Amino acid sequence: MSSLRFIGVSWLLQLKMIMRSPFDGIGNVLYPLFFATTAFFVFQAGRSPRTLVYAALGAAVMGMWSSVSTSAGSAMQRERWWGTLELLVAAPRHFSLVLFPSTLGLATVGIYNLAATLLWGRFAFGIHVTIVHWLLFCLSVGGTVLAFGGLGLLFAVSFVRFRAAWVLGNFFEYPVWLICGLLVPLALLPAWVRPISWVLAPTWGMNAIRQSALGGSPVNDLLICLGLGLAYVAIAVLVTDRVLQDARARGTLSLT
Amino acid sequence: MAAIEAANLRRTYKTHTGTVRRRAKEIEAVRGISFAVEPGELFGLLGPNGAGKTTTIKMLITLLIPTSGSARVLGLDVVRDAHEVRRRIGYVFGGERGVYERLSGYDNLRYFAELYGVPARDQKRRIEELLDLVGLKDREHERAEGYSRGMKQRLHVARGLLHDPEVLFLDEPTIGLDPVGAREMRSTIASLTAAGKTVLLTTHYMFEADALCDRIAVISKGDIVAEGTPLELKRGVAEVSVLEIEVFGIAEGATERVRGLDGVVAVAVEERGQAQVLVVQTRPEVELTHAVLGHLNGADVGRISRREPTLEDAYVALVKE
């Protein structure tokens, strides 16, 4: 109960901090619109309304993913700069529990990215996305946010051990767009890429969101997405102690 | 049972030199120190920058694993029982870092109250009490980025006390504070032992350690060079005489040559505007004024005086040995 309360309170405070930063704010407002514009121009060539809806949803999840992949690394880096990382490690809560609300907060910003992209598509490009199953759509978005939070947690734990690993956050941003079928269907990718796609939650989250919006059945995709999210959390929890032990032995926690 | 116990505590760091031909180098930050702090005691770890104070404190609060030796806090091993140790100690460090600047002081405390598992029903009352104690009442809903250094420092103290820890580690808590802020901070620290807390304080201000601590260990280059009550430490260096010579443009190497004179206990140079003051501590029975002047290579000399040793001289003598 106390852990749930901790997650809730610190998720709220995390969102407060994100919303109070003018630079983060402008980035979060404008960034998804650039993705969406690029995707719409690329897909406009196809002239099919269904393709544009496909692109609109893809661009929305691209924004969600970018928010997590780039921000999870920089969030850890910020904790180092602020001198708060040592305070978090010196606290009695399990460190993975301390990090989770922070990455979940970033994934939550992704919901705004999704909404902004769809509205941008509607007003700037005239793309009307009609959601067929609203409830399933909302569940799919929520499930994807949770799974992204789990993946962000796994990233964040490794960023604690490797100081320069925040660069990897940026590195992972674009390949996932392709590998997880956010921009183009997976069927167009070489067969050897698919196993990589299958272990990445964005693949299944994207499928679930598209299926629920376009009238398919998203349940299996959503369950796999949530399952993978849980697996990321489990791996992060398991490696956290080892990562911290190593950082304490090397004395790297106070370095910026 | 001692509240804090360190036995042959040692910590080395690996660092690298060179870019193309990288060479690993090992730096010994703490060289096997031992000390014990009794429950309710305010113990000072006094030493210059880089002496090993912060490294020692970080081993005791479980942020660093000792290279060898052992340490116990409230009878718990800091490596094996790290989780339980964290639950029962508080940690406060000096400076402006360690605060979530975009959150208010109140939200900072609320977050750390959750982090330390302070029960929800007690949080509000506890935070209010601590805001009162550190004098941040009425400013608690402002963002911490607008706080002065002193206010941030007081916020740190409130954070360290949220879960009512039995042992408190204060790492240079008055660093960079103005005289009024530093005095207020010292009075807050003094009130902690009055409330029964065990406190380990690191500082490089002799007068601060003298005013606050029951016992002091002087640490220099990773070793404890003296330990005792402030009075005992002062007595240890009372047997010296201090010669002060005002010099305009002290020659390179002169300090080392003076230090090599028979009868010299310690030498320090203080900058005073255009001049430097050579402070030479000598054994009381020797008269070295002429010998010291002879080593200054004809530099312009101003006022020469002899005085009794102060607390600062005691400290200098210990850390320069």
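# Questions on a predicted two-chain model

Modeller: Chain A contains 10 helices and zero strands. The model is predicted: local features need pLDDT of at least 70, side-chain atom pairs count only at pLDDT 80 or more, and totals for chains, interfaces and linings use all residues. Residues are numbered from 1 along each chain as its sequence is written, while chains are lettered from A and ligands numbered from 1 in the order in which they are written.

Biologist: What makes a stretch of chain count as a helix or a strand?

Modeller: Both are DSSP runs, numbered from the N terminus: a helix is H or I over at least four residues, and a strand is E over at least two. From the N terminus on, chain A reads α-α-α-α-α-α-α-α-α-α.

Biologist: Why can the radius of gyration of chain A be said to agree with that of a compact globule?

Modeller: The radius is taken over C-alpha atoms, and the globule rule is 2.2 Å times the number of residues to the power 0.38. For 256 residues a compact globule would have a value near 18 Å; chain A has 18 Å, so the two agree. Along its principal axes the C-alpha trace of chain A spans about 60 × 40 × 35 Å.

Biologist: Why is Leu60(B) called buried?

Modeller: A residue is buried if 20 or more other C-beta atoms, placed from the backbone, lie within 10 Å of its own, exposed if 12 or fewer do, and partly exposed in between. Leu60(B) has 26 other C-beta atoms within 10 Å and is therefore buried. In chain A, buried residues make up 48% of the 256 residues.

Biologist: Which residues does Leu60(B) touch, not counting those up to four places away in sequence?

Modeller: Contact requires C-beta atoms, placed from the backbone, to lie within 7 Å. Leu60(B) touches Ile4(B), Ala71(B), Val73(B), Val78(B) and Phe169(B). Leu60(B) and Ile4(B) are 56 residues apart in sequence, yet their C-alpha atoms are 8.2 Å apart in space.

Biologist: Where is Leu60(B) found, and what does that element lie across?

Modeller: Leu60(B) is in helix α1 of chain B. This helix, residues 53–60, lies across β1, β2 and β4 of chain B and runs at about 115 degrees to β1(B). Such angles run from 0 to 180 degrees between N-to-C directions, with axes fitted to C-alpha atoms, for helices over the stretch in contact.

Biologist: How do you know that β1 and β4 of chain B pair?

Modeller: Two strands pair if DSSP finds at least two bridges between them. Strand β1 (residues 4–17) and strand β4 (residues 68–73) of chain B have five bridges, in the antiparallel sense. One bridge partner in β4(B) is Val73(B), which stands opposite Ile4(B). These strands belong to an open antiparallel sheet of four, ordered β2-β1-β4-β5 in chain B.

Biologist: What makes β2 and β5 of chain B edge strands?

Modeller: Strands β2 (23–37) and β5 (76–77) of chain B each pair on one side only.

Biologist: What is the strand order of the six-stranded open sheet in chain B, and how are its strands paired?

Modeller: The order is β6-β7-β8-β3-β9-β10, with mixed pairing. Strand β3 (residues 42–46) and strand β8 (residues 198–203) of chain B pair in the parallel sense over five bridges, with Phe43(B) opposite Leu200(B). By contrast, β9(B) and β10(B) run antiparallel, also over five bridges. These two strands form a hairpin with two residues between them, and Lys221(B) in the turn has a positive phi of about 50 degrees.

Biologist: Why is helix α3 of chain B described as largely enclosed?

Modeller: Of the 11 residues of α3(B), residues 105–115, 10 are buried, so the helix is largely enclosed by the rest of the structure. Its buried residues pack against α1 and α5 (95–125) of chain A, together with α4 (120–133) and α5 (149–161) of chain B.

Biologist: How many residues does each chain give to the contact between chains A and B, and which element supplies the largest share on the side of chain A?

Modeller: Chain A gives 25 residues and chain B gives 23. The largest share on the side of chain A, nine residues, comes from α1(A). By class, that side has 13 nonpolar, six polar and six charged residues. Ala, Val, Leu, Ile, Met, Phe, Trp, Tyr, Cys and Pro count as nonpolar, Asp, Glu, Lys and Arg as charged, and the others, Gly among them, as polar.

Conventions. Contact = placed C-beta atoms within 7 Å.
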